[in-house]
Amino acid sequence: MSAQTDGQSAALPTDVGEFQSRARQFIESTLPTLLPIPDTAPDHRERVSLFTSRAAELAAVPTARQWRAAKFDAGFGWLTGPREYGGAGLPEEYEHHYLDVELDYEVPPEDCFSTGLEGLGQTILSHGSDDLKELLLRKIFRGDLITCLLFSEPGAGSDLGSVRTRAVHDGDVWVVNGQKVWSSRTHYADVGLLLARTGTEGERHRGITTFLVDIASPGLQVRPLVEMTGDAGFNEVFFDGVRIPDDRRLGEVGAGWSIYLAIMAASRDALARSRRRGRRGGLASVGSAERVAGVLRRVGKTDDPKLRQDWARLYTAYKLNELTSERLAGQWSEPRIGAARAMGKLALSNAMSAAADLVARTLGPRILADTGEVDSFDWLPYLLETPAFHIGGGTDQIMRNLVAERGLGLPR
């Protein structure tokens, strides 16, 4: 189905059978026209990794943009969105109907758009001015703009109420100075959602405002953060007199914390939808118990009673986490479920670390050097990356505080 001349696609059929037939026709006619994603691996051996490499991430962007533009123009890019901003105006169940079709095909990954599709776009729709909605929403959901979040700072990671990056009002613009850290996608994003202090530090959450800043702005510098894997999936971002027009402010002055909470809630809603509709893969699948069992078989350690017992514990941990996530999926966006989310994150992080430890003990020194033997060296990225999940998205200590305070009712 082709797009209309004004960028608004023709209405999709509401009959589920016709809708899915149209989706299948679109996918089958579009996939052969897409650019191939270049192979950026130095060799063809599989590397077991939780993160896409910086090079592979960048290489996949052109194909992802092409796919998302075609998807949007055909009407499938924002099925629940208002038609005045390029959406299809359909109920949420049509996202499930579409995904039931798309999961039958190997389509380009759209991870580069996740910030906009899963949180920022919906937050702009709910809290942005009419001008911002008109300026950004269609571009975000079509893939013309890639977005990122500029939240964490060297001294304000889990405690974002302590942000020190400052925005000072100067006529019709805001002048920003400060530093952000652990920012993903910033090295190829077009627009970032910035959390900046406009009040005093004593005001904490009440003195924070959010802005949409162009990453190409003069005075904004993005530097890669090299991790112990040797890759650089995250960045630190410096603001030196960056000028942001007031009409790029999202929400009222001082209302940044509510905007932050709104985008987190929108992201949780997207996570809930992805859990309910069975998204492929996921973090747990990378170091799954089944995959670890394959290492034990190939190395000939399946008769080791200690390793077998540890593998059984690993399998149980993953299965409990999976079943608990399914049970809570329908309530995932409710505030009272915060303690359960924290428990889920702790459980998954611990399970991934247990998988890394079990593989390391199974392979021994071979995990550190490429001996040419099966599995040697392939699991090293996974071993080095798992500690990140005890920090990112809230440290283990913060998660335990949430469980204690919100789940058990203990005092702060």
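Is Arg138 buried, exposed or partly exposed? Arg138 counts as partly exposed, at 22% relative accessibility. Bear in mind that this is a predicted model.

## Arg138 and its partner

Arg138 pairs up with Glu134 in a salt bridge, and their closest N and O atoms sit 3.6 Å apart. Both residues belong to helix α5, and because they are four residues apart there, about one helical turn separates them. Glu134 is partly exposed too, with a relative accessible area of 47%. Since buried means under 20%, the 22% of Arg138 puts that residue in the partly exposed class.

## How α4 and α5 pack

Two packed helices are described by the angle between their axes and the distance between those axes. Here, helix α4 covers residues 114-127 and helix α5 covers residues 130-142. Their axes come within 10 Å and cross at roughly 165°. That angle makes α4 roughly antiparallel to α5, because anything over 145 degrees counts that way. The crossing of the two helices is left-handed.

Who does the touching? On the α4 side, the contact is made by Gly116, Leu117, Gly121, Ile124 and Leu125. Helix α5 brings Leu132, Lys133, Leu136, Leu137, Ile140 and Phe141. Sorted by class, the contact has eight nonpolar residues, two polar ones and one charged one.

## A salt bridge around the end of α5

Residue 142 closes helix α5, and the side chain of Arg142 meets that of Asp144 in a salt bridge, at 3.0 Å from N to O. Arg142 is partly exposed, with a relative accessible area of 24%. Asp144 also counts as partly exposed, at 36% relative accessibility.

## The charged network at α9

Side chains of opposite charge can pair when their charged atoms come close. Over in helix α9 (residues 305-328), Lys306 and Asp310 lie four residues apart, about one turn of the helix. They form a salt bridge, with the closest N and O atoms 2.7 Å apart. Is Asp310 buried or exposed? Asp310 is buried, because its relative accessible area is 12% and the cut-off for buried is under 20%. Its partner Lys306, by contrast, is partly exposed at 45%.

This pair isn't on its own, either: Lys306, Asp310, Arg313, Asp357 and Arg361 are linked in a network of salt bridges. As for the whole model, how many salt bridges does the structure hold? The structure holds 21 of them, including the Arg138 pair with Glu134 and the Asp144 pair with Arg142.

Methods: Residues are numbered from 1 along each chain as its sequence is written. This is a predicted model: local features need pLDDT of at least 70, side-chain atom pairs count only at pLDDT 80 or more; totals for chains, interfaces and linings use all residues. Side-chain values use heavy atoms; hydrogens and water are left out. Axes are lines fitted to C-alpha atoms, for helices over the stretch in contact, and angles run from 0 to 180 degrees between N-to-C directions. Angles under 35 degrees count as roughly parallel, over 145 as roughly antiparallel, 65 to 115 as roughly perpendicular and the rest as oblique. A crossing is left-handed if the near helix is turned anticlockwise from the far one by less than a right angle, and right-handed if clockwise. Contact means heavy atoms within 4.5 Å. Ala, Val, Leu, Ile, Met, Phe, Trp, Tyr, Cys and Pro count as nonpolar, Asp, Glu, Lys and Arg as charged, and the others, Gly among them, as polar. A salt bridge is a side-chain nitrogen of Lys or Arg within 4 Å of a carboxyl oxygen of Asp or Glu. Buried means under 20% relative accessible area, exposed over 50%, partly exposed in between (1.4 Å probe, protein chains only).
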